[in-house]
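Please work through the exercises below with the sequence and the model side by side, trying each task before reading its solution.

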Amino acid sequence: TTEIYTLSLHDALPISETNVSGIPVGISTCLLGKEVRHDGGHKHSRYCTQVLSKHFDFRSICPELEAGLGVPRPAIHLREYSDGLRLIETKGAADHTDAMQGFIEQVMPTLADLRGYILMAKSPSCGMERIKVHNEDGNVTRRDGRGMFAEALLKAYPLMPVEEEGRLNDNMIRENFVERVFAYDDWMQNVAGDKLSARALIEFHTRHKFQLLAHSEKIYRQLGPMLGDLKSEPLEDIAERYIHQFMEAMSKKVSRGSHMNAMQHLMGYLRDSMGDEDRKVLMEQMEAYHRGEVPLVVPMTLLRMAQRREPVDYLHAQQYLTPYPDELGLRNNV
């Protein structure tokens, strides 16, 4: 079974300052500082325990430990046989594939409520990409494998934002992952399952229009017409197609030019309520962002100030203005 750790590390946040009803996100147990790796060590991610834990309710899993391999345990790797990949001990021939598959079949249905997952890199169970694959003799034949648990997770939940912890050191990847988690949480809370209705679907699309425009103008222009006739086929089918394209769009990195385009569209709604000098300052900062001279937070803050000064109802609900809590500071670095 999965285990939810209460962060008790000396440098973790006091419980009174944490968001105890945060967004449910899965995480490799070793990233929380728990000594569950094969050598009895951990890979504590302070960003996860000190920053993201304010907003995410982490549910930790160590597939190798929970498949019964114990701590410490012999190192394992992926070996390729004629019938597929198997988890074999690096020194010897002990095969742990069936134990891992049994755990995966047991735990995977329990993860349906998660809004994202942070995996440990380079692991034959949790690694998301570039995992070494060996031949029957134990020699590396390729480096494009994926951990057995990670493979099953991505197959079972193709919409769920999944990222490796190490890649979160990249500012753009970090910002994109967190933005996707919050957007997916919105879908799961307000549209998915028995909450689905034409109104819920349209309101979700309305909230995320400018985000979609920034991430993929092509998909943005496809999704609008898709919602134009919600009686053409079962609503469940339309919603399923919609959210797959939506999450595909959200996974795309946003260029400065695309942000510039989205901000210009947004500014069009504020034009009549802004004075000439305010418009001039905003355009100067948008162009400075476009040139890479200031981070995204600068023009976005000015846009939010303009919207707050003379509220426009349509923009009030736009998640593009505040896609996640400001305290995460993600737009300070992109």
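The exercises below treat aromatic rings, one helix, a sheet and a buried proline in turn.

The model is predicted, so local features need pLDDT of at least 70 and side-chain atom pairs count only at pLDDT 80 or more, while totals for chains, interfaces and linings use all residues. Residues are numbered from 1 along each chain as its sequence is written, and side-chain values use heavy atoms, with hydrogens and water left out.

**Exercise 1. Aromatic rings**

Task: Classify the ring pair F204 and F246 from its distance and angle, and then do likewise for Y242 and F246.

Solution: Begin with the rule, by which rings of Phe, Tyr and Trp (its six-membered ring) pair if their centres lie within 6.5 Å, with planes under 30 degrees apart counted as stacked, over 60 as edge-to-face and the rest as tilted. This rule gives 12 aromatic pairs. For F204 and F246 the centres are 5.0 Å apart and the planes stand at 65 degrees, so the pair is edge-to-face. Next, place the two residues: F204 belongs to helix α6 (residues 198-207) and F246 to helix α9 (residues 235-250), so the pair ties together parts that are 42 residues apart in sequence; helices here are DSSP runs of H or I with at least four residues, strands are runs of E with at least two, and both are numbered from the N terminus. F204 and F246 are both buried, where buried means under 20% relative accessible area, exposed over 50% and partly exposed in between (1.4 Å probe, protein chains only).

For Y242 and F246 the centres are 6.0 Å apart with planes at 15 degrees, so this pair is stacked. Both residues lie in helix α9, four residues apart, which is about one turn of the helix. As a last step, W187 joins F204, Y242 and F246 in one aromatic cluster.

**Exercise 2. The faces of helix α8**

Task: Find which residues of helix α8 (residues 217-226) are buried, and say how they are arranged around its axis.

Solution: The buried residues of α8 are I219, L223 and M226. Viewed down the axis of α8, they fall within an arc of 55 degrees (the arc of the directions from the helix axis to the C-beta atoms), so they line one face of the helix. K218 and P225, on the other side of α8, are exposed. The cover over the buried residues of α8 includes α6, α7 (209-215) and α9, where contact means heavy atoms within 4.5 Å.

**Exercise 3. A four-stranded sheet**

Task: Work out which strands stand at the edges of the open sheet.

Solution: Two strands pair if DSSP finds at least two bridges between them. The four strands follow the order β4-β3-β6-β7, with mixed pairing. β4 (84-89) and β7 (140-145) are the edge strands, each with a single partner strand, so one side of each is left without a neighbour in the sheet. Inside this order, strand β3 (residues 76-81) and strand β6 (residues 131-134) run parallel and are joined by two bridges, and R79 has H134 in β6 as its bridge partner.

**Exercise 4. A proline in helix α2**

Task: Is P63 buried or exposed, and which residues does P63 touch?

Solution: P63 lies in helix α2 (residues 63-69). Its relative accessible area is 1%, so P63 is buried. Not counting residues up to four places away in sequence, P63 touches M100, F103, S125, C126 and F149.
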